[in-house]
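Trainee: I would like to go through the labels used for this model and ask what backs each of them.
Mentor: Go ahead, one label at a time.

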Amino acid sequence: KIMDIILNGKLTDAINARVSLEIVNANIPKTLPLSDKDMCALFFNIMDNAVATATAPDVSHPYIKLNMRTQKNFFLFTCENSTTRAYVERNQNRQDKALQKHCMGQKIIRQIAGRYGNLTETEYGTDYYAITVGLPLS
């Protein structure tokens, strides 16, 4: 239920910002091994960062792609979004206030994931950024 609220709110923000959405899988277990507070903070920050980076200046085709699935007793949440190489590089250098806020979200994501096995992976290219969080279900 909490996940629905977070996703619906953030996906509405994305739609209002004219971001294309794709949901590959939406197989979310009835319960997740997170406190409600951690669940809200983790997924809110992931989605907030995705909307911010997908709507960054010079992004020609803004999109967000979600893949939520269970695999080998883990819940895997993958969020991929469009971005630009310049945005990623500025983010790494943390040169402006908007990006510093984005980086704070990334720090929160890492802290929460660390409490639940630290199973995160990020990847980026010239026009996309992706994060996968794995949560053990047992």
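**Labels and their grounds**

Mentor: Among contacts in the chain between residues at least 6 apart in sequence, 67% join residues at least 24 apart. Keep in mind that this is a predicted model.

Trainee: What is the pattern of helices and strands along the chain?
Mentor: The pattern reads α-β-α-β-β-α-α-β-β, from 4 helices and 5 strands.

Trainee: What makes strand β3 "largely enclosed"?
Mentor: A residue counts as buried when its relative accessible area is under 20%. In β3, residues 74-82, 7 of the 9 residues are buried, so the strand is largely enclosed by the rest of the structure. For the chain, 41% of the 138 residues count as buried.

Trainee: How do you know that β2 and β3 are paired, and in which sense?
Mentor: Two strands pair if there are at least two bridges between them. Strand β2, residues 63-71, and β3 have 8 bridges, in the antiparallel sense. Within that pairing, L66 stands opposite C79 of β3. The hairpin they form has 2 residues between the strands, and K72 takes a positive phi near 45° there.

Trainee: Which strand does β3 pair with over 9 bridges?
Mentor: That is β5, residues 128-136, and the sense is again antiparallel. In this pairing E80 stands opposite A130 of β5.

Trainee: Why is the pairing in the sheet called mixed?
Mentor: Strands of a sheet can pair either parallel or antiparallel. Here β1 and β2 run parallel, joined by 6 bridges, whereas β2 and β3 are antiparallel. Both senses occur, so the pairing is mixed. In the parallel pair, I23 stands opposite L66 of β2.

Trainee: What is the order of the strands in the open sheet, and what makes a strand an edge strand?
Mentor: The order is β1-β2-β3-β5-β4. The edge strands are β1 (20-26) and β4 (119-124), as each pairs on one side only. From one strand to the next the twist averages 10°.

Trainee: Which strands does helix α2 lie across?
Mentor: Helix α2, residues 36-54, lies across β2, β3 and β5, and runs at about 20° to β3.

Trainee: What makes a space a cavity rather than a pocket?
Mentor: In a cavity a 1.4 Å probe fits but cannot get out, whereas a pocket is open. The structure holds 1 cavity of 30 Å³ or more. About 70 Å³ of space lies in the largest cavity. Of the 10 residues that line it, I46, N49, I109, Y129 and I131 are the closest to its centre. The elements that give two or more residues to this lining are α2, β3, α4 (97-115) and β5.

Trainee: How many charged residues does the lining of the largest cavity have?
Mentor: It has no charged residues; 6 are nonpolar and 4 polar.

Trainee: How much space lies in the second largest pocket, and which helix gives the most to its lining?
Mentor: About 200 Å³ of space lies there. Helix α1 gives the most to the lining, with 3 residues, and α1 (2-16) and α2 each supply at least two. Among the lining residues are K1, D4, K30 and D36. Lys and Asp count as charged, and by class this lining has 4 charged, 6 nonpolar and 1 polar residues.

Technical notes:
Residues are numbered from 1 along each chain as its sequence is written. This is a predicted model: local features need pLDDT of at least 70, side-chain atom pairs count only at pLDDT 80 or more; totals for chains, interfaces and linings use all residues. Side-chain values use heavy atoms; hydrogens and water are left out. Buried means under 20% relative accessible area, exposed over 50%, partly exposed in between (1.4 Å probe, protein chains only). Axes are lines fitted to C-alpha atoms, for helices over the stretch in contact, and angles run from 0 to 180 degrees between N-to-C directions. Contact means heavy atoms within 4.5 Å. On a 1 Å grid over the protein atoms alone, a cavity is a set of points where a 1.4 Å probe fits but cannot get out, and a pocket is an open set with protein on both sides within 12 Å along at least five of seven lines; lining residues have an atom within 4 Å of a point. Grid points are joined across faces, edges and corners, and a volume is the space filled by probe spheres set on the points.
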